Amino acid sequence: MQGSANLNVMIKAARKAGRSLVKDFREVENLQVSAKGPGDFVSKADREAERIIREELLGARPTYGFLGEEGGEASGADPTRRWIVDPLDGTTNFLHGIPHWAVSIALEHKGEITSAVVYDAAKDELYWAEKGAGAWMNDKRLRVSGRRNLHEALFATGIPFGAKPGLPAVVQDLARLMPACAGVRRLGSASLDLAWVAAGRYDGFWERGNQIWDIAAGILLAKEAGGLLSGIRDGQDILESGSVICANEPLFEPFRKIIRGN
Ligand code: IPD
Ligand code: CA
Ligand code: CA
């Protein structure tokens, strides 16, 4: 499957940043044993990955806007298009030497996500999607899972940590959902959670309080693989609210009903 010229720019940027992060990740494994820990080093790796991505994307498309988690927003001469970038999604995993993190790049056109790349560099799994062209991992077409029974389904979520609000809501979700399903995972990278729904590894995912760069690319992957998606509450826009629930078609309504608690 051949992607668009924009997609090729995104893939090149994600792979280049991924190479830099993989090199730094090896170093993190050594720094675990030092008293200071790898915190500052990881912040630098994160910022360097965003610098690489920004240079590649804006070098190829100088008129597009750019929103990156580390460097913030820069508007472009073309107000209808912007890149939305999380250079390292799964920072806590990266910091602890856990190989589950990704580079996430989305292209937004007139408020809609049209191309997406999520690159799991540690496993060399490159997930990509384009509006109307399906979702792919490397050269394999992706489909959401075919499971129909909640009690066989495996879900993923994000659990707020530190001073983030929203913990009681997730605890209540888990109390309702866990007795009804096969399990819930919290692996720590929202972009990969959505990519794994697209790949049929998870049957569904939900999380509140995401930033746009955590989920912009992942939601297109899940949608193009045949997943259904919405905000968690009625009428909530996913990208505006940061709230998302997603599953294959047979499980979407029963799963959403449990998460909504009605
Ligand atoms: C985080 C991850 C995590 C999600 C958090 C995000 P970061 O992104 O996506 O899975 O639960 O809300 O902040 O900080 O690793 O880029
Ligand atoms: Ca993130
Ligand atoms: Ca990040």
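In what order do the five strands of the open sheet run, and is the pairing mixed? Let's start there, everyone, and keep in mind that this is a predicted model.

The order is β10-β9-β11-β13-β12, and the pairing is indeed mixed. At the edges you find β10 (183-185) and β12 (228-230); each has a single partner strand, so one side of each has no neighbour in the sheet. On average, neighbouring strands here are turned by 20° against each other, direction ignored.

Let me zoom in on one pair. Strand β9 (residues 154-157) and strand β11 (residues 204-207) run in the parallel sense and share three bridges. If you want a spot to click on, F155 stands opposite G204 in β11. Then look at helix α4 (residues 167-177), which lies across β9, β10 and β11 and runs at about 150° to β11.

Now, on to the packing. The largest nonpolar core has 37 residues, and I84, Y127, I215 and L221 are the ones that touch the most other members. Several elements supply at least two residues each, including β4 (102-109), β5 (112-120), α5 (190-198) and β13 (244-247). Which helix gives the most to this core? That would be α6, with nine residues. What I like here is that the core draws on both domains: at least three residues come from each of domain 1 (5-141) and domain 2 (150-260).

I84 is a nice one to display. Beyond its neighbours within four places in sequence, I84 is in contact with L67, S104, I105, A106, E108, I113, I212, W213 and A216. Apart from this core lies another, of 32 residues, with V9, L88, W101 and L107 among them.

L88 brings me to the metals, as its O atom is one of the protein donors of the calcium ion (ligand 3). The others are an OE of E69 and two OD entries from D86, and the donors lie 2.2 to 3.1 Å from the ion. Along the chain, the spacing reads E-x16-D-x1-L. There is a second ion to show you: the calcium ion (ligand 2) is 3.7 Å from the calcium ion (ligand 3), and D86 coordinates both.

Where do E69 and D86 sit? E69 is in the loop between β1 (65-68) and β2 (72-74), while D86 is in strand β3 (residues 81-89), 17 residues apart. And are they buried or exposed? E69 is partly exposed, because its relative accessible area is 33%. D86 is buried, with a relative accessible area of 0%.

That's my tour, thanks for listening!

Definitions and conventions:
Residues numbered from 1 in each chain as written. Chains lettered and ligands numbered in written order. Predicted model: local features only at pLDDT ≥ 70, side-chain atom pairs only at ≥ 80, totals over all residues. Heavy atoms only, no water. Core = buried A, V, L, I, M, F, W, Y, C linked by side-chain atoms within 4.5 Å. Buried < 20%, exposed > 50% of the residue type's maximum accessible area, 1.4 Å probe, protein only. Helix = DSSP H or I, 4+ residues; strand = E, 2+ residues; numbered from the N terminus. Domains from an automatic or database assignment. Contact = heavy atoms within 4.5 Å. Donors = N, O, S within 2.8 Å, 3.2 Å for Na, K, Ca; no water. Pairing = 2+ DSSP bridges. Axes fitted to C-alpha atoms, helices over the stretch in contact; angles between N-to-C directions.
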